[in-house]
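This briefing describes selected features of one protein model, grouped by topic. Please read it alongside the sequence and the structure shown below.

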Amino acid sequence: MNSAKKIIKNNGMGSGEERGKGKNTSLFDNKNKILVIVGILAILAGIFVVCYTQLRPRIVLTVKGPAKDGKEVTNSVNLAETMYDIYQTEAMADMYAAYGMSFDWEDTTDNGDTYADTYKKTIMDELKKREILYMCALKENMSLTDKEKETIKKDVQSARQNLTDKQKKMKGLDEATVTAVFEKRELGEKYKKSVISGLNIDEEALKKTVSKEDYRQYTLQYYTFAKTETDAKNESKEKDKSVLEKALKDMKEVQKKAAQAKDFTKDVIELKEGSSTDEKTGISYATKDLIETDTDFLDAKTLKTVKKMKNGDISDVLETKDGYYVIKMVNNNDPKAYDNQCKTVVEQEQTNQFDKQYANTIKGQYTTEIQPFWKGRVALGSMTYDDSVAQ
């Protein structure tokens, strides 16, 4: 009974040696617990460092300037905001490859800079201007409408549709980041338009500088057969006489069908979906917006004949050194080319005037500083590259 009381008094432990053994075991367990805790903390610290290193915003540019309350504010641009610009730039290598041309980022330009450094500078110049215009818009209390945001949403979907699955998961090419960048850019453009609207540009005077005669447009639809082909030496040569004789006969049949058809574009030649060439005859359908001053379509004599055609007229089979043609005149005085050129002239003047305003007035209110990470760690060439689709 006394022994039981002693055990209860000692929290379930016996006296003497038994208590000694229990005490040593407790210390051993506590030390293990401490070591385990320290180990866990060390692992968590390592994970935190890795995550922070990988996920923290990499600032590449800071811009200081006035806010709407008159105080100075500093905006930071992180690497993620540059990734779509980088993607578009790096896509040039694929474009060159598509045309069978090589492109090396380490090749140098005339001034001795590599293409990588040259385009890197171009991207940074664009980032500076985009951020400054965005800050100007905020200073003027501008915002995007729901309709403008909806348009941007569609633009983002279009911009990302050619990205691979791997690229879509890259930080900066994800939908949220691209949307944020597009919205920032659009808000800056909104501010730019507000500045342009106050420049008092005489648009009518600018339009008068465009020649209606030079930009007269002849809108054409036509069927054609090429008389030449490329040989094994990649040189152009005329097709065999028998081939041309058959093609001329086929083109005459096409002319008869086209002249009688209610719709010039249908039931004249046999086309498979997505194709513009009849596989049996080699005759193709195409359209042409022919401008008065164009010289790269047909020869001078044939052009003269075509330009005399009335709206709705369908020509006989016309022959040039390069091919046979059956042409329909859709509109012999289409204002589209003239209107487009007027728009181009006006927009060019608006851009020129705004650029002066930006350089002389707007830009000077802001201080930009390129950050060390951009200078030392960003190298164009493979930042958005997906080796799973490499040719």
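Two strands count as paired if DSSP finds at least two bridges between them. The model discussed here is predicted. The points below address a three-stranded sheet, the helix α4 that lies across its strands, and the residue T384 in the segment after α12.

**Hairpin of β1 and β2**
- Strand β1 (residues 59–66) and strand β2 (residues 72–78) run antiparallel and are joined by 7 bridges.
- Among the bridge partners, V73 in β2 is matched with G65, and N75 in β2 with V63.
- The hairpin has 5 residues between the strands, and G70 takes a positive phi near 90°.

**Sheet**
- The strands form an open sheet of 3 strands in the order β2-β1-β9, and the pairing is antiparallel.
- At the edges are β2 and β9 (367–370), each of which pairs on one side only.
- From one strand to the next, the twist averages 15°.
- Strands of a sheet pair through backbone hydrogen bonds, in either a parallel or an antiparallel manner.

**Helix across the sheet**
- Helix α4 (residues 115–139) lies across β1, β2 and β9.
- Relative to β1, helix α4 runs at about 35°.

**Residue T384**
- T384 is located in the segment after α12 (372–377).
- T384 counts as buried because its relative accessibility is 3%, where buried means under 20%.
- Not counting residues up to four places away in sequence, T384 touches M83, I86, Y87, E90, Q167, M170 and L173.

Conventions
Residues numbered from 1 in each chain as written. Predicted model: local features only at pLDDT ≥ 70, side-chain atom pairs only at ≥ 80, totals over all residues. Heavy atoms only, no water. Helix = DSSP H or I, 4+ residues; strand = E, 2+ residues; numbered from the N terminus. Buried < 20%, exposed > 50% of the residue type's maximum accessible area, 1.4 Å probe, protein only. Contact = heavy atoms within 4.5 Å. Axes fitted to C-alpha atoms, helices over the stretch in contact; angles between N-to-C directions.
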